[in-house]
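Biologist: I've got a new model open and I'd like to talk it through with you. Can we go step by step, starting from the terms we'll need?

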Amino acid sequence: DVWSLGVILHVLLSGKIPWEATTQDGLFKQSAKGLPELTGHPWDMISPQAKDLVKKMLRINNDLRPSAGDCLLHPWITDPAAAKGTDLG
């Protein structure tokens, strides 16, 4: 599912899960609230295109979430220049 892949992409880009909580129930409640904040470190070093893809993949409403095919056509995936602003080091 694209939402799960969005969580994985968030972890790969930031090194953290999108939501933080001390319990599994708390984590479910946080994720149900919607998109995580993509500000501050390390997000200030990540390209706008990468953040756009993460935001789209983590939409709560499945009808508004892109398909896997749509994700593969996203500029961050298809345009090498779009990925240049992403520092994965």
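Modeller: Sure, one cut-off before anything else: buried means under 20% relative accessible area, exposed means over 50%, and partly exposed is what falls in between. Keep in mind that this is a predicted model.

Biologist: With that cut-off, is Asp 52 buried, exposed or partly exposed?

Modeller: Its relative accessibility is 29%. Buried needs under 20% and exposed needs over 50%, so Asp 52 counts as partly exposed.

Biologist: Which residue does the side chain of Asp 52 meet in a salt bridge?

Modeller: The partner sits four residues away in helix H3, a separation of about one helical turn. At 27% relative accessibility, that partner is also partly exposed. The N to O distance is 3.1 Å, and the residue is Lys 56.

Biologist: Let's zoom out. How many helices and strands does the protein chain have?

Modeller: Reading from the N terminus, the elements run α-α-α-α-α-α. The count therefore comes to six helices and zero strands.

Biologist: What is the radius of gyration of the protein chain, set against the globule rule?

Modeller: The C-alpha trace spans about 40 × 30 × 15 Å along its principal axes. Six helices and zero strands make up the secondary structure. For 89 residues the globule rule gives 12 Å, and the chain comes close to that, so it is as compact as a globular protein of that length, with a radius of gyration of 13 Å.

Biologist: What percentage of the contacts between residues at least 6 apart join residues at least 24 apart?

Modeller: For background, buried residues make up 34% of the 89 in the chain, and the chain exposes about 5800 Å², with carbon and sulfur atoms supplying 58% of that. As for the contacts you asked about, the share is 56%.

Biologist: Now the inside. Which elements give two or more residues to the largest nonpolar core?

Modeller: As a general point, nonpolar side chains in soluble globular proteins tend to be buried together. Here the largest nonpolar core has 15 residues, and Leu 9, Leu 13, Trp 43, Leu 53, Val 54, Met 57 and Trp 76 touch the most other members. The elements giving two or more residues to this core are H1 and H3.

Biologist: And which residues is Leu 53 in contact with, leaving aside neighbours within four places in sequence?

Modeller: Leu 53 is listed with those core residues that touch the most other members. Its contacts, with those neighbours left aside, are Leu 9, Cys 71, His 74, Trp 76 and Ile 77.

Biologist: Where is Leu 58 found, and is it buried or exposed?

Modeller: Leu 58 is in the loop between helix H3 (48-57) and helix H4 (68-72). Not counting residues up to four places away, it touches Trp 3, Gly 6, Val 7, His 10, Pro 18, Trp 19, Leu 35 and Pro 36. With a relative accessible area of 1%, Leu 58 is buried.

Biologist: One of those was His 10. Is His 10 buried or exposed?

Modeller: His 10 is in helix H1. Its contacts beyond four places in sequence include Pro 18, Pro 36, Trp 43, Val 54 and Leu 58. At 3% relative accessibility, His 10 counts as buried.

Biologist: Which residues form a nonpolar patch on the surface?

Modeller: One member is Ile 8, in helix H1 (residues 2-14). It is partly exposed, with a relative accessible area of 47%. The patch has about 310 Å² of accessible area together, and its residues are Leu 5, Ile 8 and Leu 12.

Biologist: Back to charges. How many salt bridges does a search of the whole structure find?

Modeller: Besides Asp 52 with Lys 56, the side chains of Asp 25 and Lys 29 meet at 3.3 Å, N to O. Those two lie four residues apart in helix H2 (residues 24-32). Arg 65 also forms a salt bridge with Asp 1, and the search total is three.

Biologist: How many residues apart in sequence are the parts that Arg 65 and Asp 1 tie together?

Modeller: The closest N and O atoms of the pair are 3.4 Å apart. Arg 65 is buried at 13% relative accessible area, whereas Asp 1 is exposed at 58%. Arg 65 lies in the loop between H3 and H4 and Asp 1 in the segment before H1, so the separation is 64 residues.

Conventions. Residues are numbered from 1 along each chain as its sequence is written. This is a predicted model: local features need pLDDT of at least 70, side-chain atom pairs count only at pLDDT 80 or more; totals for chains, interfaces and linings use all residues. Side-chain values use heavy atoms; hydrogens and water are left out. Patches are made of residues with over 30% relative accessible area and no salt bridge: like charges are joined within 9 Å, nonpolar side chains (Val, Leu, Ile, Met, Phe, Trp, Tyr) within 5 Å. Accessible areas come from the Shrake-Rupley method with a 1.4 Å probe; for residues, only the protein chains shown count as cover. A salt bridge is a side-chain nitrogen of Lys or Arg within 4 Å of a carboxyl oxygen of Asp or Glu. Buried means under 20% relative accessible area, exposed over 50%, partly exposed in between (1.4 Å probe, protein chains only). Contact means heavy atoms within 4.5 Å. The radius of gyration is taken over C-alpha atoms; the globule rule is 2.2 Å times the number of residues to the power 0.38. A nonpolar core is a set of buried Ala, Val, Leu, Ile, Met, Phe, Trp, Tyr and Cys residues joined through side-chain atoms within 4.5 Å.
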